[in-house]
Amino acid sequence: VTHTWPGVKLHGLIEEEIATPGESEEKPKGEAELSPNLEGLYTRSHRAMVAARDRAYAEQQSFFQGRVQQASAECESILATERQWTVNWEKQVKMCSGKLV
């Protein structure tokens, strides 16, 4: 007895796909492209393999999302520091020119 397991979502680790030049067809939102289906026997080892694949994929997605959030937080922190530096620089320039109130 053969069984068909659905493929995993392709491009699941990309927040937003960037259209390449020359592509005019746009896929509707919500329609995920999947990897090819897996066909095999319906034995305990086959089920375990597919379950392990799905767990590994879910773990990788979770790791990726965490890294993206961490990078976003680091970027925002750096930008906040730069903004504060700009404010302080402007204050220093005003102080040097005698225009600080």
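Two salt bridges are counted in this chain, where a salt bridge is a side-chain nitrogen of Lys or Arg within 4 Å of a carboxyl oxygen of Asp or Glu. The model is predicted, so to speak of a local feature takes a pLDDT of at least 70 and of a side-chain atom pair 80 or more, while totals for chains, interfaces and linings use all residues. Residues are numbered from 1 along each chain as its sequence is written, and side-chain values use heavy atoms, with hydrogens and water left out.

**Exercise 1. Find the partners in each salt bridge, and state whether they are buried or exposed.**

Step 1. Side chains of opposite charge can pair when their charged atoms come close.

Step 2. Asp54 pairs with Arg53, with 2.9 Å between the closest N and O atoms. In the other bridge, Glu76 meets Arg83, and here the closest N and O atoms are 3.3 Å apart.

Step 3. Now apply the exposure classes: buried is under 20% relative accessible area, exposed is over 50%, and partly exposed lies in between (1.4 Å probe, protein chains only). Arg53 is partly exposed because its value is 22%, and Asp54 is partly exposed because its value is 35%. Glu76, at 43%, is partly exposed too, and Arg83 is partly exposed at 46%.

**Exercise 2. Describe the order of the secondary structure elements, and give the share of residues that are buried.**

Step 1. Helices (H or I, at least four residues) and strands (E, at least two) are DSSP runs, numbered from the N terminus. The chain has one helix and two strands.

Step 2. Read from the N terminus, the order is β-β-α.

Step 3. The chain has 101 residues, and 7% of them count as buried.

**Exercise 3. Which aromatic rings form pairs, and how are they arranged?**

Step 1. A pair of aromatic rings is described by the distance of the centres and the angle of the planes. Rings of Phe, Tyr and Trp (its six-membered ring) pair if their centres lie within 6.5 Å; planes under 30 degrees apart count as stacked, over 60 as edge-to-face and the rest as tilted.

Step 2. The whole structure yields two aromatic pairs. Trp5 and Tyr42 are stacked, at 6.1 Å centre to centre and with 20° between the planes. This pair joins distant parts of the chain, 37 residues apart: Trp5 belongs to strand S1 (residues 2-5), and Tyr42 to the loop between strand S2 (38-41) and H1. Trp5 is buried because its relative accessibility is 9%, whereas Tyr42 is partly exposed at 43%.

Step 3. Trp85 and Trp89 are also a stacked pair, with 5.5 Å between centres and 10° between planes. These two residues are four apart in helix H1, so about one helical turn separates them.

Step 4. Look at Tyr42 once more: the charged end of Arg47 sits over its ring, 4.8 Å from the centre. The rule here asks for NZ of Lys or CZ of Arg within 6 Å of the ring centre and within 35 degrees of the ring normal.

**Exercise 4. Which residues form the nonpolar surface patch?**

Step 1. Patches take residues with over 30% relative accessible area and no salt bridge; like charges are joined within 9 Å, and nonpolar side chains (Val, Leu, Ile, Met, Phe, Trp, Tyr) within 5 Å.

Step 2. The members are Trp85, Trp89 and Val93, with about 360 Å² of accessible area together. Such areas come from the Shrake-Rupley method with a 1.4 Å probe, and for residues only the protein chains shown count as cover.

Step 3. Trp89 lies in helix H1, which spans residues 44-97.

**Exercise 5. How many disulfides does the structure hold?**

Step 1. A disulfide here is a pair of cysteine sulfur atoms within 2.5 Å. The structure holds zero disulfides.

Step 2. Check two cysteines for exposure: Cys75 is partly exposed at 42%, and Cys96 is exposed at 72%.

**Exercise 6. Trace contacts between residues far apart in sequence, including those of Asp54, Phe63 and Ser35.**

Step 1. Asp54, in helix H1, is 47 residues from Gly7 in sequence and 9.5 Å from Gly7 in space, C-alpha to C-alpha.

Step 2. Phe63 is also in helix H1 and is exposed at 52%. Its C-alpha is 9.8 Å from that of Leu13, 50 residues away along the chain.

Step 3. Ser35 sits in the loop between S1 and S2 and is buried at 16%. The C-alpha atoms of Ser35 and Leu10 are 6.0 Å apart, with their positions 25 residues apart along the chain.
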